[in-house]
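Me: I should be grateful for a close look at a single part of this structure, followed outward into its surroundings. Please give the account as one connected description.

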Amino acid sequence: MKLAATYGIFYFKFFILLYLSVAFLGGKCSVKMIIFNFCSLLPSLFMFVAGGKLPEPEVKVEAIHKPFMCYRKSKFGDMLLVHYDGFLESNGTMFHSSRNQGDKNPVWFTLGMKEVIRGWDKGLQDMCTGERRKLTVPPSLGYGKEGQGKIPPSSTLIFDIELMEIRNGPRSHESFQDMDLNDDWKLSKREVKEYLKKEFEKHGYSPNDTHHEVMVDDIFKNEDEDEDGFISVREFTSLHDEL
């Protein structure tokens, strides 16, 4: 019933539009004119049938420099270290530069985890260490209608970004494999406890089995969604903060 109603509305709107088209021509309308007006209405009609959804805007990616050798490409879950300059497309004004402003250090972020604007998450995939890209980011993938700081509302942004380093992120498959001691593609409480012990020792803290037991119980309470006593790859790569 819902589908029939949808197409009924579609045909009703189509004939209204076609009727108005003929009326605007004063009733003096040839077959060619009707066909012309029908064709001119097709894009609007197609949008209606498709649910009125516009294509999602894309980031324009241009390569400024590519290294001769590429040993690894960035992917969702990786931690990336980048230097960047940001400009307003409208007048070329620089609104920020990690190279020349602040402490002049590159910045770390995790790709695909919404730590940066969507334009970066989309435009910095499959990037090599040492590669440099120019991203043209539409407002909907940047700071939108609100803007932020020196960025006016509805601004298209230009970024010059250089990827300095790629590391395994806390939610990457590589990190999961480091924790998965018996390679069975799931984490037991023992494996997670061993991981926590190594992390504490790495950062100079003395081992505390009681404290680790409490942490492991808390981790499994939040991460083990199906409560089977293991953390699967899917459960591990979901957005949680415990590990």
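The part in question is the pairing of strands around E5, and the reply starts there before turning to the neighbouring loops and a helix.

Me: Which strands pair with E5, and in which sense do they run? Please also describe the salt bridges, loops and helix that go with this region.

Reply: The model is a predicted one, and the description below should be read accordingly.

Strand E5 covers residues 132-137, and 5 bridges join it to strand E1, residues 60-65; these two strands run antiparallel. Within that pairing, Lys60 is placed opposite Thr136 of E5. E5 also pairs with strand E6, residues 157-167, again in the antiparallel sense, and here 6 bridges are found. In this second pairing Leu135 faces Phe159 of E6. E5 thus has E1 as one partner and E6 as another.

The pairing of E5 and E6 is accompanied by a contact between charged side chains. Arg132 and Asp160 form a salt bridge, with a distance of 2.7 Å from N to O. This pair brings together distant parts of the chain, since Arg132 belongs to strand E5 and Asp160 to strand E6, with their positions 28 residues apart in the numbering. The two partners differ in their cover: Arg132 has a relative accessible area of 27% and is therefore partly exposed, whereas Asp160, at 15%, lies under the 20% limit and so counts as buried. Arg132 and Asp160 also belong to a network of salt bridges that includes Asp85, Arg99 and Glu162. In general, side chains of opposite charge can pair when their charged atoms come close. Over the model, the count of salt bridges comes to 12.

The loop between E5 and E6 holds two residues that merit attention. One of them is Leu141, which is located in this loop and is nevertheless buried, because its relative accessibility is 1%. Leu141 and Ile117 are separated by 24 residues in sequence, and their C-alpha atoms are 6.5 Å apart in space. The other is Ser154, also in the loop between E5 and E6. Ser154 counts as partly exposed because its relative accessibility is 46%. Its backbone is notable too: Ser154 is not a glycine, yet its phi is positive, at about 55°. Most residues other than glycine have a negative phi. Lys104 is a further non-glycine residue with a positive phi, of about 60°, and it is placed in the loop between strand E3 (94-97) and strand E4 (107-110).

On the other side of the E5 pairing, the chain leaves E1 and enters the loop that leads to strand E2 (79-88), where Tyr71 is found. Tyr71 is exposed because its relative accessibility of 76% is over the 50% limit. Together with Phe68 and Met69, Tyr71 makes up a nonpolar surface patch, the three having about 500 Å² of accessible area together.

Asp78 takes part in two of the salt bridges. The side chain of Arg72 meets that of Asp78 at 3.0 Å, N to O, and Lys75 also forms a salt bridge with Asp78, the closest N and O atoms being 3.3 Å apart. Asp78 is buried, as its relative accessible area is 0%. Its two partners are both partly exposed, Arg72 with 27% relative accessible area and Lys75 with 32%.

Further along the chain is helix H5, residues 189-202. H5 has 14 residues and spans 20 Å from its first C-alpha to its last, close to the 20 Å expected at 1.5 Å a residue. Its buried residues include Glu191, Val192 and Leu196. These residues lie on the same side of H5, because they cover an arc of only 135° around the axis. Following the helix comes Gly204, with a positive phi near 85°. Val192 also gives a point of reference for the loop between helix H4 (173-179) and strand E7 (186-187), in which Leu181 lies. The C-alpha atoms of Leu181 and Val192 are separated by 9.6 Å, the two residues being 11 apart along the chain. Leu181 is partly exposed, with a relative accessible area of 41%, whereas Val192 is buried.

Notes. Residues are numbered from 1 along each chain as its sequence is written. This is a predicted model: local features need pLDDT of at least 70, side-chain atom pairs count only at pLDDT 80 or more; totals for chains, interfaces and linings use all residues. Side-chain values use heavy atoms; hydrogens and water are left out. Helices (H or I, at least four residues) and strands (E, at least two) are DSSP runs, numbered from the N terminus. The expected span of a helix is 1.5 Å times one less than its number of residues. Buried means under 20% relative accessible area, exposed over 50%, partly exposed in between (1.4 Å probe, protein chains only). The arc is that of the directions from the helix axis to the C-beta atoms. Two strands pair if DSSP finds at least two bridges between them. Patches are made of residues with over 30% relative accessible area and no salt bridge: like charges are joined within 9 Å, nonpolar side chains (Val, Leu, Ile, Met, Phe, Trp, Tyr) within 5 Å. Accessible areas come from the Shrake-Rupley method with a 1.4 Å probe; for residues, only the protein chains shown count as cover. A salt bridge is a side-chain nitrogen of Lys or Arg within 4 Å of a carboxyl oxygen of Asp or Glu.
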